[in-house]
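Okay, thanks for coming, everyone. I'll put the structure up and walk you through it, starting with a turn and working outwards from there.

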Amino acid sequence: MKKSFMSVTTLVVSISVAIMFLCTSAITAQTTGNKFIYDKNENKETVFELDRSGKYLTPKLQYEFQKDEKGFVTAKKAFRWNAEEDKWTPYYLLTISKDDNNTIIDYALWDKNTESFTLNQQKAVYNKSQNDSVVTYLSYQWDESNSEWKLLEQNLIKNYLAIRVAE
């Protein structure tokens, strides 16, 4: 008789702990802020924010992708939702190009005055050796005053990976 009482007590305690955990998770989810909902197809992704009531969606971001004939992304254009004008406004453009040993990623913010992606232009160049073993990373920022790319950072990735493995 005592043995069955212990198993019932254990069962009640286990259920109570489980309910407390589930309730705490639900409360945390409600208090930590809004959730995001994603609508994605082949060349476009739209991000909506779900309000705390769980009833209303507000558009936040939209991405348009361009791909090459092999299906690799060559450009990603981001837009932000402008609630006052009730339309998408350009945000930034990311382009990816490749040649034999380099992958070049260009980034620029939208300039509403010139209506072009020309603000805060940056470039990252990943260079790999012929046998794909050594990779260098070069980071550039466009220097408006001299109209040229200014090198900000240069790293040998092989050395970085060796350091990280040694840690």
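So, look at the hairpin of β6 and β7: four residues sit between the strands, and Glu115 there takes a positive phi near 55 degrees. Before I go on, please keep in mind that this is a predicted model.

How many bridges join β6 to β7? Nine, with β7 covering residues 116-128 and the two strands running antiparallel. Two partners to find on screen: Tyr107 stands opposite Gln122 in β7, and Trp110 has Phe117 as its bridge partner in that strand.

Now go to the other side of β6. Strand β5, residues 87-98, is joined to β6, residues 102-111, by seven bridges, again antiparallel. The link between β5 and β6 is a hairpin too, this one through three residues. Here you can spot Ser97, which stands opposite Ile104 in β6.

And one step past β7 comes β8, residues 135-143. Seven bridges join β7 to β8, and they run antiparallel. Lys123 stands opposite Tyr140 in β8.

Okay, let's zoom out. Those strands belong to an open sheet of nine, in the order β1-β2-β3-β4-β5-β6-β7-β8-β9, with antiparallel pairing. Which strands are at the edges? That's β1 (35-40) and β9 (148-156), each of which pairs on one side only. Ignoring direction, neighbouring strands in the sheet are turned by 20 degrees against each other on average. As a general reminder, strands of a sheet pair through backbone hydrogen bonds, either parallel or antiparallel.

What else is in the chain besides strands? There are two helices along with the nine strands. If you read along the sequence, you get α-β-β-β-β-β-β-β-β-β-α, so to speak the whole plot in one line.Next topic: the aromatic rings. A search of the whole structure turns up six aromatic pairs. Take Tyr92 and Tyr107: their ring centres are 5.6 Å apart and their planes are at 40 degrees, so this pair is tilted. The pair links distant parts of the chain, with Tyr92 in strand β5 and Tyr107 in strand β6, 15 residues apart. Are these two buried or exposed? Tyr92 has a relative accessible area of 13%, so Tyr92 is buried. Tyr107 is at 23% relative accessibility, which means that Tyr107 counts as partly exposed.

Then there's Trp110 with Phe117, the bridge partners from a minute ago. Their rings also form an aromatic pair, this one edge-to-face, with 4.8 Å centre to centre and 70 degrees between the planes. Phe117 comes out at 17% relative accessible area, so Phe117 is buried, while Trp110, at 23%, counts as partly exposed.

Back to the tyrosines for a second. Tyr91, Tyr92 and Tyr107 form one aromatic cluster.

There are also charges over rings. The charged end of Lys76 sits over the ring of Tyr63, 4.4 Å from the ring centre. Lys98 lies over the face of Phe72, at 5.1 Å from the ring centre.

Which residues make up the largest nonpolar core? Five of them: Val47, Tyr63, Phe65, Ala78 and Tyr92. You've met Tyr63 under the charged end of Lys76, and Tyr92 from the tilted pair. In soluble globular proteins, nonpolar side chains tend to be buried together.

Let's stay with Phe65 from that core. Setting aside neighbours within four places in sequence, Phe65 is in contact with Asn43, Lys44, Glu45, Val73, Ala75 and Lys76.

Last, two overall figures. The chain has 167 residues, and 15% of them count as buried. And of the contacts in the chain between residues at least 6 apart in sequence, 13% join residues at least 24 apart.

That's my tour, thanks for listening.

Terms used: Residues are numbered from 1 along each chain as its sequence is written. This is a predicted model: local features need pLDDT of at least 70, side-chain atom pairs count only at pLDDT 80 or more; totals for chains, interfaces and linings use all residues. Side-chain values use heavy atoms; hydrogens and water are left out. Two strands pair if DSSP finds at least two bridges between them. Rings of Phe, Tyr and Trp (its six-membered ring) pair if their centres lie within 6.5 Å; planes under 30 degrees apart count as stacked, over 60 as edge-to-face and the rest as tilted. Buried means under 20% relative accessible area, exposed over 50%, partly exposed in between (1.4 Å probe, protein chains only). A charge sits over a ring if NZ of Lys or CZ of Arg is within 6 Å of the ring centre and within 35 degrees of the ring normal. Axes are lines fitted to C-alpha atoms, for helices over the stretch in contact, and angles run from 0 to 180 degrees between N-to-C directions. A nonpolar core is a set of buried Ala, Val, Leu, Ile, Met, Phe, Trp, Tyr and Cys residues joined through side-chain atoms within 4.5 Å. Contact means heavy atoms within 4.5 Å.
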